[in-house]
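Q: Hi, I'm new to this one. Can you walk me through it?

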Amino acid sequence: MKIIETSHIAKRYIMGSEVIEALKDVTISVNKGEYVAFMGPSGSGKSTLMNIIGCLDTPTSGQYILNSKDVSDMSENELAEVRNKEIGFVFQTFNLLPRMTSLENVALPLIYAGYTKSQRTEKAMLALKNVGLEQRAGHRPNELSGGQRQRVAVARALVNDPSILLADEPTGNLDTKTSYEIMDLFDQLHQKGNTIVVVTHEDDIAKYAHRIIRLRDGLVESDIINPTPTKVQHLTTL
Ligand SMILES: Nc1ncnc2c1ncn2[C@@H]1O[C@H](COP(=O)(O)OP(=O)(O)OP(=O)(O)O)[C@@H](O)[C@H]1O
Ligand SMILES: [Mg+2]
């Protein structure tokens, strides 16, 4: 089943008299349960494409079907609703709220979904357990390591059971060992059936994905199946 379907997507930015074609003509589809990496040089359009896929932005032209819904021309409010339901985001900079505990950070998206306090706590604890962090539920971000912070962010992204996990350079702020721990976690999430799209410029990180799409100058340069994806190998913390 197709979960992401873009058809001739373009994104143009107008800066004064200059027109920047961040995406020129991108047609891709991703099936439920796939694990895909977007690669490509700086400025090739990776984040622009991720933002459109994640319903943070809409294309200038072309069509985007997300989980059988045409989201190409949705209003801000409609997009926000689809985003909350369908997408879990992980960012390079974690984006956790500093005054909140791990548990509170993870429970946050559930407030908008209308759960009671006790349901939120239960679901958030389960999500923390799934990333191996139930022992850190009461810690604030500054009381956690970088890798633990990113795992809290992953738990928050998944607490609503989204259709897709989107990660833009999730290991960009982590050391090598911690990066591998996060990729191991992604691998496990993929094995559990999650659909994952990750942006990275590191070959080692992309090799965990089962499919690698390379962008260049706003176009898909190549789209290949990775015959030998890297498997969980650094399993120390989970
Ligand atoms: N809001 C914006 N306004 C104007 N131009 C933009 C905007 N966002 C991105 N661009 C331009 O669009 C092009 C693609 O940017 P994008 O952020 O998608 O690249 P990227 O592949 O993610 O690069 P990086 O690897 O450096 O993160 C770039 O030339 C960028 O300058
Ligand atoms: Mg980018």
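A: Sure. One term before we start: a nonpolar patch is made of residues with over 30% relative accessible area and no salt bridge, with nonpolar side chains joined within 5 Å. Also, keep in mind that this is a predicted model.

Q: OK, which residues make a nonpolar surface patch here?
A: Tyr13, Met15 and Ile20 do. Their patch is about 270 Å².

Q: Where does Met15 sit, and is it buried or exposed?
A: Met15 belongs to strand S1. The residue is exposed, because its relative accessible area is 53% and the cut-off for exposed is over 50%.

Q: Now the ligand. Which residues are around ligand 1?
A: Tyr13, Met15 and Ile20 are among them, and so are Ala22 and Pro41. The list also includes the run Ser42, Gly43, Ser44, Gly45, Lys46, Ser47 and Thr48.

Q: How does that shell divide into nonpolar, polar and charged?
A: Five residues are nonpolar, six are polar and one is charged.

Q: What lies 2.7 Å from an oxygen atom of ligand 1?
A: An N or O atom in the side chain of Lys46. Backbone atoms come in too. A polar one of Gly43 is 2.8 Å from a ligand 1 oxygen. For Gly45, a backbone N or O atom is 3.0 Å from an oxygen of ligand 1.

Q: How much of ligand 1 does the protein cover?
A: 61% of the 640 Å² of accessible area that ligand 1 has on its own.

Q: Which elements give two or more residues to the shell?
A: Strand S1 (2-15), strand S2 (18-31) and helix H1 (46-53). H1 gives the most, with three residues.

Q: Let's switch to salt bridges. How many are there?
A: The count is nine. One of them pairs Glu34 with Arg211, with the closest N and O atoms 3.0 Å apart.

Q: Where are those two in the chain?
A: Glu34 is in the loop between S2 and strand S3 (35-39), and Arg211 is in strand S9. So the pair ties together parts that are 177 residues apart in sequence.

Q: Are they buried or exposed?
A: Glu34 is buried, at 17% relative accessibility. Arg211 is buried too, at 7%. Under 20% counts as buried.

Q: What network are they linked in?
A: A network of salt bridges that links Glu34, Arg211 and Asp223.

Q: And which residue does Glu86 meet in a salt bridge?
A: Lys85, at 3.8 Å from N to O. Glu86 is buried, with a relative accessible area of 3%, whereas Lys85 is exposed at 56%.

Q: What about Glu221?
A: Glu221 meets Arg216 in a salt bridge of 2.7 Å, N to O. Glu221 is partly exposed at 45% relative accessibility. Arg216 is partly exposed at 42%.

Q: New topic: backbone angles. What is phi of His8?
A: Near 50°, a positive value in a residue other than glycine. Most residues other than glycine have a negative phi. His8 is in strand S1 and is partly exposed, at 49% relative accessibility.

Q: And phi of Asp217?
A: Near 50° and positive, again in a residue other than glycine. Asp217 lies in the loop between strand S9 (211-216) and strand S10 (219-225). Asp217 is exposed, at 52% relative accessibility.

Q: Last one. Which side chain does Thr178 join in a polar contact?
A: The side chain of Asp175, at 2.7 Å. Thr178 is in helix H6 and is buried, with a relative accessible area of 14%.

Note on methods. Residues numbered from 1 in each chain as written. Chains lettered and ligands numbered in written order. Predicted model: local features only at pLDDT ≥ 70, side-chain atom pairs only at ≥ 80, totals over all residues. Heavy atoms only, no water. Near = heavy atom within 4 Å. Polar contact = N/O pair within 3.5 Å; in protein donor to acceptor, adjacent residues only side chain to side chain. Areas by Shrake-Rupley, 256 points an atom, 1.4 Å probe, with all protein chains shown as cover. Helix = DSSP H or I, 4+ residues; strand = E, 2+ residues; numbered from the N terminus. Nonpolar A, V, L, I, M, F, W, Y, C, P; charged D, E, K, R; others polar. Patch = residues over 30% accessible without salt bridge, like charges linked within 9 Å, V, L, I, M, F, W, Y side chains within 5 Å. Salt bridge = Lys/Arg side-chain N within 4 Å of Asp/Glu carboxyl O. Buried < 20%, exposed > 50% of the residue type's maximum accessible area, 1.4 Å probe, protein only.
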